[in-house]
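Subject: Structure handover

Hi,

Here is the structure I promised to pass on. Please open it first, then read my notes alongside.

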Amino acid sequence: MAPKPTKVTNRIRTLRAATGMTQADLAGKLGVTRQTVIAIEQGRYSPTLELAFQIARIFAQPLDNVFQYDES
């Protein structure tokens, strides 16, 4: 059974592209695998709150500029 997609969306791919950062670069800064970054970007995995804050800080963005929650 496939995992249920998360209601959390994000702008990580856009922010990475704007800074020239690769998925591998971001994974290295976060101490996770590139596959984890891919899964988060694609909405297949929601990061922990701690990881979400780390991602937002790397891009110098408020948390809600990086992650959005779809309440519908």
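Helices and strands here are DSSP runs, with at least four residues for a helix and at least two for a strand, numbered from the N terminus. On that basis, the protein chain reads β-α-α-α-α-α-β from its N terminus. That comes to 5 helices and 2 strands. Please keep in mind that this is a predicted model.

Overall form

The protein chain has 72 residues, and a compact globule of that length would have a radius of gyration near 11 Å; the value here is 12 Å, which agrees. Along the principal axes, the C-alpha atoms fill a box of roughly 35 × 25 × 20 Å. Buried residues make up 32% of the protein chain. The exposed surface is about 4900 Å², and carbon and sulfur atoms supply 54% of that.

Contacts reach far along the sequence. Of those with a separation of 6 or more, 59% join residues 24 or more positions apart.

On charge, the protein chain carries 9 positive and 6 negative charges. Their mean positions lie 6 Å apart.

Helix α3

Start with α3, residues 34–41. Val37, Ile38, Ala39, Ile40 and Glu41 are buried there. What do the buried residues of α3 pack against? Their partners are β1 (8–10), α1, α2, α4 and β2 (67–69). Just after α3, Gly43 takes a positive phi of about 75°.

The salt bridges

How many salt bridges does the count come to? The count is 2. Side chains of opposite charge can pair when their charged atoms come close. Both pairs here involve Glu41.

The pair of Arg13 and Glu41 has an N to O distance of 3.4 Å. Arg13 sits in helix α1 (residues 12–19) and Glu41 in helix α3, so this salt bridge ties together parts that are 28 residues apart in sequence. Arg13 is partly exposed, at 45% relative accessible area. Glu41 is buried, at 8%.

The pair of Arg16 and Glu41 has an N to O distance of 2.5 Å. This pair also links distant parts of the chain: Arg16 is in helix α1 and Glu41 in helix α3, 25 residues apart. Both Arg16 and Glu41 are buried. With a shared partner, Arg13, Arg16 and Glu41 form one salt-bridge network.

Is Arg13 buried or partly exposed, then, given the cut-offs? Buried means under 20% relative accessible area and exposed means over 50%, so Arg13 at 45% falls in between and counts as partly exposed.

Helices α1 and α2

Ala18 is also in helix α1. Ala18 is exposed, with a relative accessible area of 69%. Its C-alpha atom is 21 Å from that of Gly31, 13 residues apart along the chain.

Ala27 belongs to helix α2 (residues 23–30). Ala27 counts as buried, at 4% relative accessibility. Which residues does Ala27 contact, leaving aside neighbours within four places in sequence? They are Val32, Thr33, Arg34 and Val37. Val37 is one of the buried residues of α3. Ala27 and Val8 are 19 residues apart in sequence, and their C-alpha atoms are 19 Å apart in space.

From α4 to α5

Next, the loop between α4 (49–58) and α5 (63–66), where Ala60 lies. Most residues other than glycine have a negative phi. Ala60 is not a glycine, yet its phi is positive, at about 55°. Ala60 counts as exposed, at 67% relative accessibility. Please take a look at that loop.

Val66 is in helix α5. Is Val66 buried or exposed? Val66 is buried, with a relative accessible area of 0%. Not counting residues up to four places away in sequence, Val66 touches Thr9, Asn10, Arg11, Ile12, Leu15, Ile55, Ala56 and Gln61. Val66 and Val37 are 29 residues apart in sequence, with 14 Å between their C-alpha atoms.

Where to look first

I would open the view on Glu41, which meets both Arg13 and Arg16. Then turn to Val66 and its contacts, including Thr9 and Ile55. Finish at Ala60 and its positive phi.

Best wishes

Note on methods:
Residues are numbered from 1 along each chain as its sequence is written. This is a predicted model: local features need pLDDT of at least 70, side-chain atom pairs count only at pLDDT 80 or more; totals for chains, interfaces and linings use all residues. Side-chain values use heavy atoms; hydrogens and water are left out. The radius of gyration is taken over C-alpha atoms; the globule rule is 2.2 Å times the number of residues to the power 0.38. Buried means under 20% relative accessible area, exposed over 50%, partly exposed in between (1.4 Å probe, protein chains only). Contact means heavy atoms within 4.5 Å. Accessible areas come from the Shrake-Rupley method with a 1.4 Å probe; for residues, only the protein chains shown count as cover. Lys and Arg count as positive and Asp and Glu as negative; His and the chain ends are not counted. The place of a charge is taken as NZ of Lys, CZ of Arg, CG of Asp or CD of Glu. A salt bridge is a side-chain nitrogen of Lys or Arg within 4 Å of a carboxyl oxygen of Asp or Glu.
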